[in-house]
Amino acid sequence: MTQTSQYIWHNGELIPYEQATTHVLSHAIHYGSSVFEGIRAYDTPKGPAIFRLKDHIQRLFDSAKIYRIEIPYTQEEIMQACKDAVAKNGFTNAYLRPFAFLGHVGLGVHPKSHRAEVTVAAMEWGAYLGEGSLENGVDACVSSWQRLAPNTMPTAAKAGGNYLSSQLITAEAKRHGYVEGIALDVNGYLSEGAGENLFVIRKGIIYTPPTTASILPGLTRDTIMHLAKARGYEVREEPIAREGLYLADEFFMVGTAAEVVPVRSVDQIQVGDGQRGPITAELQQAYFDLVKGQSEDLQGWLDYVNE
Ligand code: PMP
């Protein structure tokens, strides 16, 4: 499915979807020199609200800083662009894609200018890992591709080029009939999914790979850790070996697009009893209650579009 919308925010103004184009010689197309975010807005009792907008835009600017990409707008301007993109398209639920890229700045690998072009698209996007994935769980495999080593490309940056790694991981998984692929880091410990962070539960304790495991420090990961701790669970950020997945009582993946998805098997080994486990279900419910404004927003994580 290709997502569309009526309007896209493009270098400072909302323009019709068809007009948001760029040149084929854009630096980002050739060399992956872009940074971006994936953000969701949910329908709440007070109208659409964008979840953790400020944190996502901070991460966008952090990603740009790592690559010395200059975003010629303030964080507040991009936040407003996100709200405008949702409002102008009349969406209640939306996936937002703020994107800063090097455009027509010469074909040398070293760009003539680091000044980015910026777009913010909003679109409707249902369950990222497929219909029924949130309830029934998905089948995943460990990829033959490892995640980027820390001294090759920075995984804390959500940069376009990093997603060649994600494409290899997810395409291999799909070719073999799985819904998603999971990568190990260069030390052989669990890293992350092609577009998701990982949580493993064993004997009531919740484990997740540390930021040193070549992961994108996901905001859903951070939210889930927060919700789990608030419910009294012990959460440990520590290295997890591959067999930790096979021996888990529960295993789930998280991300803005994917949301909170149970994994029912890994490498054709059943995880727990092969269904969404009780702690996964509890945290999934807590997550949806929070993003949909059904529980109290104690952290101020909801940014209302119409305020
Ligand atoms: N890892 C990767 C590689 C991702 O692409 C994503 C999705 N942005 C995540 C983790 C999860 O990050 P977040 O929860 O901030 O969406």
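1. Let me start with helix H3. Its buried residues are Ile 78, Met 79, Ala 81, Cys 82, Lys 83, Ala 85 and Val 86. Note that Lys 83 sits on that buried list. Their packing partners are strand S1 (7–10), S4, strand S5 (47–51), H2, strand S6 (94–101) and strand S7 (117–123). Keep in mind while reading on that this is a predicted model.

2. Still on H3: the helix covers residues 75–88, 14 residues in total. From first C-alpha to last it reaches 20 Å, close to the 20 Å expected at 1.5 Å a residue. Just after the helix comes Gly 90, with a positive phi of about 70°.

3. Now the overall picture. The protein chain has eight helices and 17 strands. A compact globule of 307 residues would have a radius of gyration near 19 Å, and the 19 Å of the protein chain agrees with that. Along the principal axes, the C-alpha trace spans about 50 × 45 × 30 Å. As for burial, 46% of the 307 residues count as buried. If we take the contacts with a separation of 6 or more, 70% of them are between residues 24 or more positions apart.

4. On to the domains. The chain is divided into domain 1 (7–123) and domain 2 (133–291), and their C-alpha centres lie 26 Å apart. Across the boundary, 20 residues of domain 1 are in contact with 11 residues of domain 2. Which elements give two or more residues to the domain 1 side? They are strand S3 (34–36), strand S4 (39–44) and helix H2 (53–66). H2 has the largest share of that side, with five residues. Sorted by class, the domain 1 side has nine nonpolar, six polar and five charged residues. H2 and S4 are also among the elements that the buried residues of H3 pack against, so it's worth looking at both faces together when you have the model open.

5. The ligand shell deserves a look too. There are 13 residues around the ligand, and those that come nearest are Leu 216, Gly 218, Thr 220, Gly 255 and Thr 256. By class the shell divides into two nonpolar, eight polar and three charged residues. Which helix gives the most to this shell? That is H6 (residues 219–230), with three residues.

6. H6 itself has 12 residues, which should span 16 Å at 1.5 Å a residue; the end C-alpha atoms are 16 Å apart, in agreement. Its buried residues are Leu 219, Thr 220, Arg 221, Thr 223, Ile 224, Met 225, Leu 227 and Ala 228. Thr 220 is therefore both buried in H6 and one of the residues that come nearest to the ligand. Just after H6, Gly 232 takes a positive phi of about 90°.

7. One residue in H6 to click on is Leu 219. Why does Leu 219 count as buried? Because 22 other C-beta atoms lie within 10 Å, and the cut-off for buried is 20 or more. Leaving aside residues up to four places away in sequence, Leu 219 touches Arg 52, Asp 55, His 56 and Thr 256. Thr 256 also belongs to the residues that come nearest to the ligand. By contrast, Gly 188 is 31 residues from Leu 219 in sequence and 24 Å away in space, C-alpha to C-alpha.

8. Two backbone angles to check. Asp 267 has phi near 55° and Gln 268 has phi near 65°, and each is a positive value in a residue other than glycine. Asp 267 is found in the loop between strand S15 (259–266) and strand S16 (269–270), and Gln 268 is in the loop between S15 and S16 as well. Buried or exposed? Asp 267 counts as partly exposed, with 14 C-beta neighbours inside 10 Å, while Gln 268 is exposed, with 10 other C-beta atoms within 10 Å.

9. Last, Glu 124, in the loop between S7 and helix H4 (133–136). This residue is partly exposed, since 14 other C-beta atoms lie within 10 Å. Apart from residues up to four places away in sequence, Glu 124 touches Gln 3, Phe 91, Asn 93 and Ala 94. Ala 94 is 30 residues from Glu 124 in sequence, yet the two are 4.8 Å apart in space, C-alpha to C-alpha.

Technical notes:
Residues numbered from 1 in each chain as written. Predicted model: local features only at pLDDT ≥ 70, side-chain atom pairs only at ≥ 80, totals over all residues. Helix = DSSP H or I, 4+ residues; strand = E, 2+ residues; numbered from the N terminus. Rg over C-alpha atoms; globule rule 2.2 N^0.38 Å. Buried ≥ 20, exposed ≤ 12 C-beta atoms within 10 Å, placed from the backbone. Contact = placed C-beta atoms within 7 Å. Near = placed C-beta within 6 Å. Nonpolar A, V, L, I, M, F, W, Y, C, P; charged D, E, K, R; others polar. Expected span 1.5 Å × (residues − 1). Domains from an automatic or database assignment.
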